[in-house]
Amino acid sequence: MPSIPDPDLNTEARLLIERIAARGTRHDVVHGGVRVAWRRFGGESAHAPLVLLHGGHGSWMHWLRNVEALSAGRTLWLPDMPGFNDSDAPPRAAPGEDPLGPLLDALGGSLDQLIGAGTPIDLGGFSFGGLTAARFAVRRGAIRRLALVGSGGHGTMRRMAVEMINWRAAPNREQERAALLHNLAALMLHDKAAIDPVAFEIHDISCHGTRFRSKEVSQAGGLQAALDKLGGPQLLLWGEYDVTADPRPLVAQLTAGHPQREGVVIDGAGHWAQYERADDFNRLLLRFLG
């Protein structure tokens with residue numbers, strides 16, 4: 001288990017996050033009484049805007065190591081989805097209704113205010129954000145290409161080898177940070193060397209900002225049904241060591257009989273593949289987007 005980062009190193013990590021955030025502009029948009037924080041990176045572009053959705057217990061910072069490469073030639077939009085980090089929590093769905101519905105309403109309505117309803121976009125999502133992106137794509141339409149990494153909702157067996165720790169039950173900040181570090185290693189990153197102060201800071205901030213219960217939504221399935229409804233070019237990425245799925249048979253299952261659906265396993269990566277193997281992820285996504 002890696003050691004908890006020194007507080008001075010976490011100060012440096014926060015400064016790095018702030019410097020990257022400063023390269024973009026923040027837009028707080030209210031739809032249906034829910035304020036959604038969006039961050040825009042990159043200049044005007046002839047390409048379709050690229051929208052990326054973070055994972056559960058996440059934030060826009062799940063894409064921190066991808067911002068520079070992906071915004072170099074296109075406009076990149078990163079939300080804190082409703083119920084996460086800087087955005088308001090969506091209202092609870094009524095009993096028997098879609099638990100993701102209010103989140104999708106606020107997400108779609110706020111995006112349409114920013115770029116215009118019906119504007120074609122390229123869309124991506126990570127983990128819980130992968131299932132959310134697929135569901136969002138079906139609901140909104142006007143999706144040029146869809147790319148998912150470590151997506152939830154696949155309905156197959158996880159391969160968690162280490163139990164997660166309830167960090168919220170920790171009696172003090174020191175034990176809370178130890179629990180968060182444990183979970184980061186158990187779930188998110190395969191190579192312990194990848195658990196640097198920046199990864200820990202992103203995880204710490206994002207976990208504390210999470211107010212939406214995403215686990216039940218992801219485990220309920222629905223990914224394949226959404227992909228089948230959507231059609232069009234789809235890129236499905238998983239890290240080789242992702243503990244939320246067994247990537248190679250899952251990729252084979254999802255791509256079989258779908259000529260426009262490409263599956264890739266990123267060597268050496270865990271669940272948070274776009275952070276742990278950022279260069280590989282950026283190259284694959286940019287190639288797919290054309």
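Mentor: Two strands pair if DSSP finds at least two bridges between them. Keep that in mind as we look at this predicted model.

Trainee: What makes β6 and β7 a pair, and in which sense do they run?

Mentor: Strand β6 (residues 143-149) and β7 share 4 bridges, and the sense is parallel. The cut-off is at least two bridges, so 4 bridges make them a pair. Along this pairing, Leu146 lies opposite Gln234 in β7.

Trainee: How many bridges join β7 to strand β8?

Mentor: There are 6 bridges between β7 and β8 (residues 261-266), and the two strands run parallel. Here Trp238 faces Val265 in β8. Helix α9 (residues 247-255) completes a right-handed β-α-β unit with β7 and β8.

Trainee: Why is β7 called largely enclosed?

Mentor: Buried means under 20% relative accessible area, and 6 of the 6 residues of β7 (residues 234-239) are buried, so the rest of the structure largely encloses the strand. Gln234, Leu236 and Trp238 point one way, Leu235, Leu237 and Gly239 the other way, and all are buried.

Trainee: Now the rings. Why is the pair of Phe84 and Phe128 called tilted?

Mentor: The structure holds 7 aromatic pairs. In this one the ring centres are 6.1 Å apart, within the 6.5 Å limit, and the planes meet at 35°, neither under 30 nor over 60 degrees, so the pair is tilted. Phe84 sits in the loop between β4 and α3, Phe128 in helix α4, 44 residues apart. Both Phe84 and Phe128 are buried, and ring pairs link them with Phe212 into a cluster.

Key. Residues are numbered from 1 along each chain as its sequence is written. This is a predicted model: local features need pLDDT of at least 70, side-chain atom pairs count only at pLDDT 80 or more; totals for chains, interfaces and linings use all residues. Side-chain values use heavy atoms; hydrogens and water are left out. Buried means under 20% relative accessible area, exposed over 50%, partly exposed in between (1.4 Å probe, protein chains only). A crossover is right-handed if, with the strands pointing away from the viewer, the path from the first strand over the helix to the second runs clockwise. Rings of Phe, Tyr and Trp (its six-membered ring) pair if their centres lie within 6.5 Å; planes under 30 degrees apart count as stacked, over 60 as edge-to-face and the rest as tilted.
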